[in-house]
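Biologist: Before we look at the model, could you show me how to read its enclosed spaces and its surface?

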Amino acid sequence: MTLQEIVKEYQSATRCIDESAINEAFAHLTRLITESSRGDMSDELERLRMSYTFMLRYLEQGVLDPQRDEILHGIRQSLYTLCDRCIISLMEPTSPEVFFARRRELAGTTLIEIIENYRDALKQLSLVQTTTGEKTDNHVILSRLREAETLETKLFNRVWSSFPLSPDDAESIRLCISGDILPIHTRCLLVAALMLGLMRYYDESKLLILLEAYTLSEEPIVQLRALTCAMLALLAHKKRTTLSKAIQSRLAAMVDMSEFEHDVWAVQVQLARSRNTENVKKRVQGDLIPNIMKMRPDIIDKLKDNESQIVDLSDIEANPDWQQWLDESGITRRIEEFNAMQVEGSDVFIATFAHLKSFPFFKTLSNWFLPFYPAHSTVLENLGADKLGLADVIEHAPYLCNSDKYSFCLSLGALPDSQRGLMSAQLEEQNAALKEAQQAELPDDNKARIALINAFVQDLYRFFKLFSRRREFIAVMDLPDLDMTDCLPLVEVTRDAHVLELLGALYFKNAFYEDAIKCFTRLEGMDDVTDDHIYQKIGFAYQNAGQYDKALTYYQRYELLHENDVWNTRHIAACYREQGLLDLALDYYRRAEEMSPDNVSLTLTIGHVLLELNRTGEALQQYFKADLMDGAKHRAWRPIAWCSFVLSDYDRAIDYYELIARDDKPSAQDLLNHGHVLLCQGKAQDAIETYRKSLRRMDGDTDKFRKAFKDDARQLKLHGITTVDQALIPDAVCANNPSTT
């Protein structure tokens, strides 16, 4: 078989097991095992075939067997494992993938040997570090440290690439993670190694170790990483974990733990938030930072005192004019938006640090999951052994995940001392301000746990999105349903009303409307949810998903309970309008206007609907009414001008387009419409000049101009502009125009 044929056979076998087509699965597995020439696997397959044959025979004979479901589940699980063992056996000798490369590399080394060698290296390192006086040699310390770190990586690779775990290996890993025989950062690495292995090939013993680590570990960082990894594994292998009694019983025992529910909720919310990371990245990279940088020269000019010295931004309140300028320029709003995104847990720094993942440090897979700690050789080499204070500042830097802290250290190492000092001073100042703010608050253990989860999810996101060989791994952060509310083993915890509401709002805010609908509709059926606004939330989500019939169903349910709700009435009207049911839309907008007679937006919208109904005279009266209302701010001028044009009142249309040109900034569309009026008045030369202004506002895009002009062809024909003239005018406009040459 070719590699492609092997993979296809494997996929067919696992699909048959998923669908309980066991005899077909046996056929596919037989072909795979024959290809592998593994007698032990052939014997195992025959044993499973006999067990399944006996089960079918007992079923046919009408024998009642209360353990039949459990036996079938056991057969399916064994077949899954046999499939995985078989494809590993076939691919391992030649596959260039890093998973198989590590298996080949470590084939002759046992896990116990690596653990013992690592502990010996730690002892040697400790002896060197405790040497005092003139005998202390930093080069020796670094050398011992690198030896230990090399063995850490080897341990990580051994755990990650082992499949399936032997009982002895499982027990060794369990002791290493839940006990205190290894440093905390190494335990964290082992947790990540188990998760990576699980993502490739499901091994129930690995998942049980993760769940046990959450239960038994006394270190929050180990606990919460283990829980996050376990939850991702539960998501990735729903079909296998849902029927596992061992997993179910372990989770049932964990439910009674005091912090379990809140931790699960925190992981769930952070995973949901991570789905919006690319949008956050684009927002920061494409808008917030560029706009602030564009203003940089103005900022520098504004923030100079009489001696032309730059004023410290921390002293901004020394001159109220500076603060006013910052507010008016939009800088304050953008900084506040950035800070708000930070506080709510959005990954605002991925755009900044993504390009700093090309250092050799990140070529080592395990380093992506390494908690930041000042004693790591990378930190010592880049900051210097005498700069541990700076390393401590970086360790406690708010909002930076571990991966970004290492990136920061590596980038500092490449800077001159003067710049390094400036950056570290700024970071230290920020940390001091944060500590001061934290000291003013009551201690909040729950907030600290959420911060640990947040940082780890961001570390995971960077690995699965930025690691150079990421395509060899399941794209965990791109799973189609990265949603724990569908994970059956955890539904009792994940479908809590408060969390569903929080998730629904988060999904909705980030335009994941289908997920928002799923959360809100689950809320609808809960006995303890009595807030009628749930109907509005579901309707709003359906409306934004473009499912207007369903949106109307829920808005109208709310209407039966609260008839005079202006918000609800407006949204019913909007749904009818989107469906083209303009008479119904107008009726509901009129009702809303009666409830809120001073609402300019409503008055204008009614005018728009009347215009869509070709009731132009009525629409014009509505726009005049809006123009006289408080807060109109010229919003009615454009529709008044257009209606006047449609009604052939050219003089009034011209008056309003001139008002727009004088007191507002005319758009390309305004200038195009103004040109139409001039053309209909017989002022062709003025019209063409105005059209050229419109073209310039379109950045000289002649195709765009021609399309916009053509869109109004019917209206122009009604006003007497012939088809021939309409064909010639765009050429006249575009000819010899500076913006097109």
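Biologist: Which residues lie nearest the centre of the largest cavity?

Modeller: Rolling a probe the size of a water molecule over the atoms shows where empty space is left. A cavity is a set of points, on a 1 Å grid over the protein atoms alone, where a 1.4 Å probe fits but cannot get out, and lining residues have an atom within 4 Å of a point. Here 12 residues line the largest cavity, and Q270, R273, S274, T277 and D347 lie nearest its centre. This is a predicted model, in which local features need pLDDT of at least 70 and side-chain atom pairs count only at pLDDT 80 or more, while totals for chains, interfaces and linings use all residues. Residues are numbered from 1 along each chain as its sequence is written, and side-chain values use heavy atoms, with hydrogens and water left out.

Biologist: What is the volume of the largest cavity, and which helices supply at least two residues of its lining?

Modeller: A volume is the space filled by probe spheres set on the points, which are joined across faces, edges and corners; for the largest cavity this is about 80 Å³. Helices are DSSP runs (H or I, at least four residues), numbered from the N terminus, and α14 (260-274), α15 (277-294) and α24 (445-466) each supply at least two lining residues.

Biologist: How many cavities of 30 Å³ or more are there, and what lines the second largest?

Modeller: The count is 2. The second largest, of about 40 Å³, is lined by Y657, I660, A661, P666, D670, L671 and H674, with α35 (650-663) and α36 (668-680) each supplying at least two of the lining residues.

Conventions
1 Å grid on protein atoms, 1.4 Å probe; cavity = no way out; pocket = protein on both sides within 12 Å on 5 of 7 lines; lining within 4 Å.
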